[in-house]
Amino acid sequence: MRRLLMPLAALLLSDALLLVGHGLMLTLLPLRAEIEQFTATQTGLTASTYFVGFVISCLVTPHIVRRVGHIRSFAVLATIFSAVVLLFHGLPSFVAWLVLRFVVGFCISGLYMVIESWLNDRATRETRGTILSLYTVINLSMIIVGQQMLNFADPSGPVLFGLAAILLSLAIVPVCLTATLAPTPMPVVKLNFRRLWQLSHVGMEGAITSGLVTGAFWALGPVYARGLGLDTSELTLFMSGAVLGGALFQLPLGRLSDRYDRRLVLYFNCLAGAAVSMVLVFVPAIGNLLLLLSVLWGGAVMTMYSICLAHTSDNAEASDFVLIGSGILFLFGCSSALGAPLASIFMSLLGPPGLFVFSAVCLLGFTLGISIRRKSHVLPLVDSTEPFVPVSVTSPMIFELDPRTEDSDAEQAAAGEQEERSDGDAKVVEVIDPIEG
C-alpha cells in the first residue's frame, strides 16, 4: 500500500484540499443566496449555471490539457476557482452570481478531469480498484468536512469565502511541487446517446431522475433547512447526512443489485426515497429525527447514479464502458441544471417543503417508468451482470479508472493479435496456393 500511495500522495493531498474547499462552497452558496434575499427561483437558476459549466468543461478541458499539460491546467483552474470564490462576497447580485457559478462549475469539473486522468495514468491492472475506492472515500469524506466548516464563522460575512479560497489555493502547491512526471494527454470525450438509449432505457431515465432530484437538493437543501428555522450547525448536519447516507448505502445496495434485477433495486430505492420525501414534507422533523431522515434520503437517492450506470453497462460490450459512463454523466449534469429551477417553482407555491414534493414526484415518475419497462423487456439471467463498482459523480475520466475498463483494453488487445494472426495466415495461403495448383 505504501508503494502504491507514495507516487500519488501529492495528487491525493491536492484533491483532499480541493474537496474541502468545494464542500464548503456547496452549502455556503445556497445559504448566502438566501441571506442576500435571492428568491428560490433565482437560487435555482444560479445552481443551473453551475451544472451547465460542469458539462461544458467536460468537453473543453481535454483540449486545454493537450495544449498546456496537466500541472499547468490544474494550477490555472484552481487559481481561477479561488479568485471567483472571493468575488461571490464582493458581488452579491443575481446576474453576477449566474456568471460566477458557471465559472465554478467549469473549474471544478476540469479539476476533476485532471486529477482522474492523472490517477488513471498511474494505475495498473492490479491497483486500479484500490485507487478508485480510495479516491471515492477521499471525495465523500472531504465534502462532509468542508460542509462542517460552515460552523467556523457567520455565513453573512467574508471569513468563510476567504477560508475556501485559502484551501483552494493551497491545493495547487502539492501538484506543482510533485517530482513525478505528468501523464500523457487525456482522451477527448465522445458521446453517443442513440447507442446509450439502445443499451438501456431505464439507465438513461434513472440518470435524468437522479440529476433532477440531487441537483435540486444541492441548490435548495440549505434554503429548505433555513425555512424550517434550523441554525447553521443543524443545517450542516442535515446536508452532510445526505452525503453520509449515500456513502453508507452505496456498496450494500450495489451488491444487492448484483444478485437481483438492478431495476428492482432502483424501483424500491425510488419508493423509499419518495416515502422519506413525503415524511419530510408532512412531519416537523427536528434534531436527531431530521438527521436520520437525511441519511435515509441520501441512502435512497444518492445511490441511484451508480446503479443506473451498472445497469446500463450490463447490456453492453466492455469496450463501450467509458462511452456509457460519459453519456450517463452528461445526462445527469444536464438534468441537474433543470432540477433546481423546477424545484424552486414547487417551493414558491408550497413553501420550503415543496423541495421534497418535487423529489417525491420525480422518484414516483421513475418507478412508473421502471414498471412499464419491466413488463415489456425481460433481462437475461442475473449471473450475466457485471460486478457493481461504486463511482462518484465527478468527470468522464473516472470511468477510465474502473477495473472493467482494463478488462476491455485486454480484450481489444487480444482481438487485435487474433486479427493479425488471421491476416498472416491469409497471406501464407495466398502465396502457397498458386504453387500447389
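Q: Helices are DSSP runs of H or I with at least four residues, and strands are runs of E with at least two, both numbered from the N terminus; in which helix does R72 lie?
A: R72 belongs to helix 4, residues 70–90. This is a predicted model, where local features need pLDDT of at least 70, side-chain atom pairs count only at pLDDT 80 or more, and totals for chains, interfaces and linings use all residues. Residues are numbered from 1 along each chain as its sequence is written, and side-chain values use heavy atoms, leaving out hydrogens and water.

Q: How many helices and strands does the protein have?
A: There are 18 helices and zero strands.

Q: Why is R72 called exposed?
A: Relative accessible area decides: under 20% is buried, over 50% is exposed, and in between is partly exposed (1.4 Å probe, protein chains only). R72 has 58%, so it counts as exposed. Its C-alpha atom is separated by 8.2 Å from that of C176, 104 residues apart along the chain.

Q: What makes S294 buried?
A: Its relative accessibility is 3%, so the label buried applies. You will find S294 in helix 13, residues 287–301.

Q: Which residues is S294 in contact with, leaving aside its neighbours within four places in sequence?
A: With contact meaning heavy atoms within 4.5 Å, the partners of S294 are F238, G241 and A242.

Q: How do you know that the side chain of S294 has polar partners, and which backbone atoms are they?
A: A polar contact is a pair of N or O atoms within 3.5 Å; within protein, one must be able to donate a hydrogen and the other to accept it, and residues adjacent in sequence count only if both atoms are side-chain atoms. A polar atom of the S294 side chain lies 2.5 Å from the backbone oxygen of F238, and one lies 3.0 Å from the backbone nitrogen of A242.

Q: Why is S277 called buried?
A: Its relative accessible area is 0%, so S277 is buried. This residue of helix 12 (residues 262–282) touches W297, F356, S359, A360 and L363, not counting residues up to four places away in sequence.

Q: How do you know that the span of helix 10 agrees with what is expected?
A: The expected span is 1.5 Å times one less than the number of residues. For the 27 residues of helix 10 (residues 201–227) that gives 39 Å, and the end C-alpha atoms are 37 Å apart, so the two agree.

Q: Where does helix 10 bend?
A: The bend at a residue is the angle between axes fitted to the seven residues ending there and the seven starting there. In helix 10 this angle is about 55° at L220, with the proline P222 following within four residues.

Q: Why is helix 10 described as largely enclosed by the rest of the structure?
A: Of its 27 residues, 23 are buried, so the description fits.

Q: What makes C58 a point of interest in helix 3?
A: A kink of about 40° lies there, shortly before the proline P62. Helix 3 (residues 40–68) reaches 40 Å from its first C-alpha to its last, close to the 42 Å expected.

Q: Where is the predictor's confidence lowest and highest?
A: pLDDT is that confidence for each residue, from 0 to 100. It is lowest in helix 18 (residues 403–436), at a mean of 46, and highest in helix 7 (residues 159–170), at 95.
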